[in-house]
Amino acid sequence: MDIKIALPKGRLLDKTASLLQVAGWGMDGYHEQARLYNLKSGTYPNLSAKIFHERDIPIQVAIGNYDLGICGRDWIEELLVKFPSSAVVKVSDLGYGVGSLYMVAGLADIGMSALRRKAARGTVRIVSEYANLAESFALKERLSRFSVFPVWGGAEAYPPEDADLALISSRNDGEFTGMRMTPVARVLDFSAYLIANRNSWDTKNLDRVVTSICESCVRLPSEEGVQEELEIQPEVTRTGKGAEDGLIRLALPDGHQQAPMLQLLEKAGIKIEDYPSPTGNRRPGINIKGVAVKVIRPQDMPLQVANGNFDLAITGRDWLIDHRYQFPSSPVRELLDLKSGRVRIVAVVSQELPVDAAADLSKVIGERTTPFRVASEYVNIADRYARDNHLGRYRVIPTWGATEAFLPDDADLLIENTETGGTIARHNLKIIDTLFESTACLIGNSRIRTGSTKGEKARYIVEILRAAVEDT
Amino acid sequence: MRVQRCKGTRDLSPDEMARFRLIEAVFRDRCLRWGYQEVRTPTIEYLHLFTSAGTLTPSMLGRVYSFLDWDGWSGERVVLRPDGTIPIARLYIDTMADKGLARLFYVTNTFIFEETGKKTRERWQCGTELIGVNTPASDAELILLALEILNNLKLKNVTLRLSHAGLIKALLERLGLSLEEQARVFDRILDGDARALAGLRTEKPELDGILLPLLGLKGHSAGFLKNLKAISARSLPEFEPYLNNFIDVVGILENLGCKYQIDIASGAGFEYYTGIIFQLYSGREKIGGGGRYDALVPAMGGGDIPASGFALYIDRLMNSIEPEILRKPGGQSVLVRSEDDESIKEAFSVASRLRDAGYTVAFDLGNGEPADRRWLLDIRGKPPKYLLRDTVDSSQTEAQTPDEILTIIEEKSGHQDSLTKRSPSG
């Protein structure tokens, strides 16, 4: 009888890998630089594993693609709070990866009663990677009126200007001194958990695997003294106040786009201090008066520009298009193609699938009795693609990276970005369609009035960047 | 792959729709006669309408169908109406607040997620709201109207259970619970958890002898409430205004010979109740309920305006209706056949005349028409010949003109089913 387990990438990988080593699973390919996501155990012939973004693991286990999974309790509760009947059994607390979710505010001394009063007057904006837990918090605390902004990361950068509250995870026991935020509530304590699919738990013999994990985790070195550095940044004062008249608020991307962006900005004569920041500072300085900069995830930028938190942002066209598919009348526009970071957005299937073009999909789907599964980070682009291609009864599975790992077992089609197609080929997949090309671009809100101080300043920035791009 | 109905939804068959419309017709008819006016609100509302303080419990709000609209980049969610009353209060504040007293009624669907999908997630209800008045007589008016509707639907074993939200809240306060704990227990009572109070113990043992029996007691008269008032007068003076209000309402009901049961610990419904809460049962099934919610309109920023209302659950009433009150107009139904092209124009014109005279007339399209028509009319040739057959006694009559057909049908069906010819009033 085969047993499948979903293993985490990211923050829990090191500890989990040590755990499996102690357990003697012989799971060789499970390390930080893993290039393939499908693994076999050298010790247990029936045991196979796949590496996922941690956030995908509770979902994969709940829908029965995996018998077991290891992930943080924070992501388990994020699923269960919205879908309480999910088929997930919390088997055992593994004791490592300890932390808490805190609801933090950007202002000093803001309490729940003050928040409730604010909610009665206007809208309380909450930003988080944990959108379901954030919503549940707002309902439990009876906030009259609130908006939850799901973000891909960097939630701590938003308050106080761009959100009233952020629900963030911290390994540091709620130490927020020296940061411009106050914890309002401790929402959840978490650590790594072993979880099981309810049906597998009821019907399969998982005992050897489960026992080996549970016994080994007792033998792991204790977590004390290995507290990870908190991601929240020390106080910085460079950001201007949002209320300042004519202030331009510019969002720059974190991650791998930082280096090429810095080059382009320098060429345009724009100097950004402390970007990319070795300490993870999300509020770097800039040498243009009346401009404030924040560093956030490119995925989150179009929404933030739409609701007026930022005036200009540098993101990928892929994320702008995904945003506009969700909100067709959004005021966000592409102002300038920055012509770097070129990728293609493609439709991908397994080499095994007898399909060479999008038009062949409907034939394959017609013969199936189960829904066709489309996995993508671009939920709205994937949904639109499925609709436009008449994919019949389909499901869009949102992913948080490493989407190639989903084919062929856990999805049938991917909508993915690719630079060279190398990763796709390596995973034994093939491209059947190219949706569009995406490059980095400068986006802005079309509601900024031309001729206003703000409008003029925005135009100036667009023009110096345009000159720099054309000079390339 | 077969296309299926969405989990947790239901279709209404012709038979079920007949039940639905009958309930709706009786409800509308009674409401109009009591001076109520019909309104309808949109299916989609802003979520914050329902998250406003003191409206729905967090457990209800955790099961609403909410989503971002196509222009929802501000993050503000919209919701499929989870409740009938709150949108009516919004409508009143929006457009009617200057008119003072309003008697309103509605027939609407509400949407609440239900875990198993075995019960329906889209529910139909018909309800009334009486806004701008808070006298005991207005509470009694709603209860009597609800009972009259159920009586007109010929429902059997209808019982009325009464409680008082003010009294429950005062009790919880007196039990020494923290504000959060009070809210939690009240939510559980309102979510229909009858055992919510059973597990509680007061922090003041000397009160146990009074409070806990008070919660457990059930009674059937104003006298019962007066007795409660007597035992609580000295130690629990804060209960008095609620008990007095409760006694006033049941006093009116009692004078009118209305039977009821007092059960303090019951009170399913919504958090916005402040005064009397009533629940209606047919046998063991709850078929409706309502109460006074004086704090709702103020909480929504509509000023200090009291209100009360009730809702009847159409989905449940449909199961309780006796078949005999579902009269079918079958006796008056005519099937028209025209077997050649020449007479088809004449057939349409005769059918139209018969319909104007109040009959149900269908054309035979040759695809196995259901045979439950009383009359079959064959039209042939030019000039047309009419052959009328009565399926009750199998008699056949030849007629020369449409007038003649009408006369025969009217004579033979007589006046015994003239009632069914009349369309529902309203």
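This is a short walk through a predicted model with chains A and B, taking the contact between the chains, then a sheet in chain B, and then some strands and one residue of chain A.

Let me start where the chains meet. On the chain B side, 16 residues are in contact with 23 residues of chain A. Two helices of chain B, α2 at 48–51 and α3 at 58–61, each supply at least two residues of the side that touches chain A. If we sort the residues on that side of chain B by character, they divide into 6 nonpolar, 7 polar and 3 charged.

Now to the sheet in chain B. What is the order of its strands? Reading across this open sheet of 5 strands, we find β14-β13-β15-β16-β17, and the pairing is mixed. The edges are formed by β14, residues 360–363, and β17, residues 395–399, each of which pairs on one side only. From one strand to the next, the twist averages 20 degrees.

Within that sheet, please look at strand β15 of chain B, residues 375–380, and strand β16 of chain B, residues 385–390, which run antiparallel and are joined by 6 bridges. To pick out one pair, Asp378(B) has Leu387(B) in β16(B) as its bridge partner. Helix α13 of chain B, residues 344–356, lies across β13 (333–338), β14 and β15 of that chain, and the helix runs at about 170 degrees to β13(B).

Turning to chain A, I would begin with strand β19, residues 372–376, which runs parallel to strand β20, residues 394–398, with 5 bridges joining them. Here Ala375(A) stands opposite Ile397(A) in β20(A). Between the two strands the chain passes through helix α12 of chain A, residues 379–388, and this β-α-β crossover is right-handed. Strand β19(A) is also joined by 3 bridges to strand β21 of chain A, residues 413–418, again in a parallel arrangement, and in β21(A) the bridge partner of Ala375(A) is Leu414(A).

Finally, a single residue: Lys430(A), which is found in strand β22 of chain A, residues 429–438. Is Lys430(A) buried, exposed or partly exposed? Lys430(A) has 18 other C-beta atoms within 10 Å, and because a residue counts as buried at 20 or more and as exposed at 12 or fewer, Lys430(A) is classed as partly exposed. Leaving aside residues up to four places away in sequence, Lys430(A) touches Val348(A), Val349(A) and Gln351(A). Asp207(A), by comparison, is 223 residues from Lys430(A) in sequence and 38 Å from it in space, C-alpha to C-alpha.

Technical notes. Residues numbered from 1 in each chain as written. Chains lettered and ligands numbered in written order. Predicted model: local features only at pLDDT ≥ 70, side-chain atom pairs only at ≥ 80, totals over all residues. Contact = placed C-beta atoms within 7 Å. Helix = DSSP H or I, 4+ residues; strand = E, 2+ residues; numbered from the N terminus. Nonpolar A, V, L, I, M, F, W, Y, C, P; charged D, E, K, R; others polar. Pairing = 2+ DSSP bridges. Axes fitted to C-alpha atoms, helices over the stretch in contact; angles between N-to-C directions. Right-handed = clockwise from strand over helix to strand, strands pointing away.
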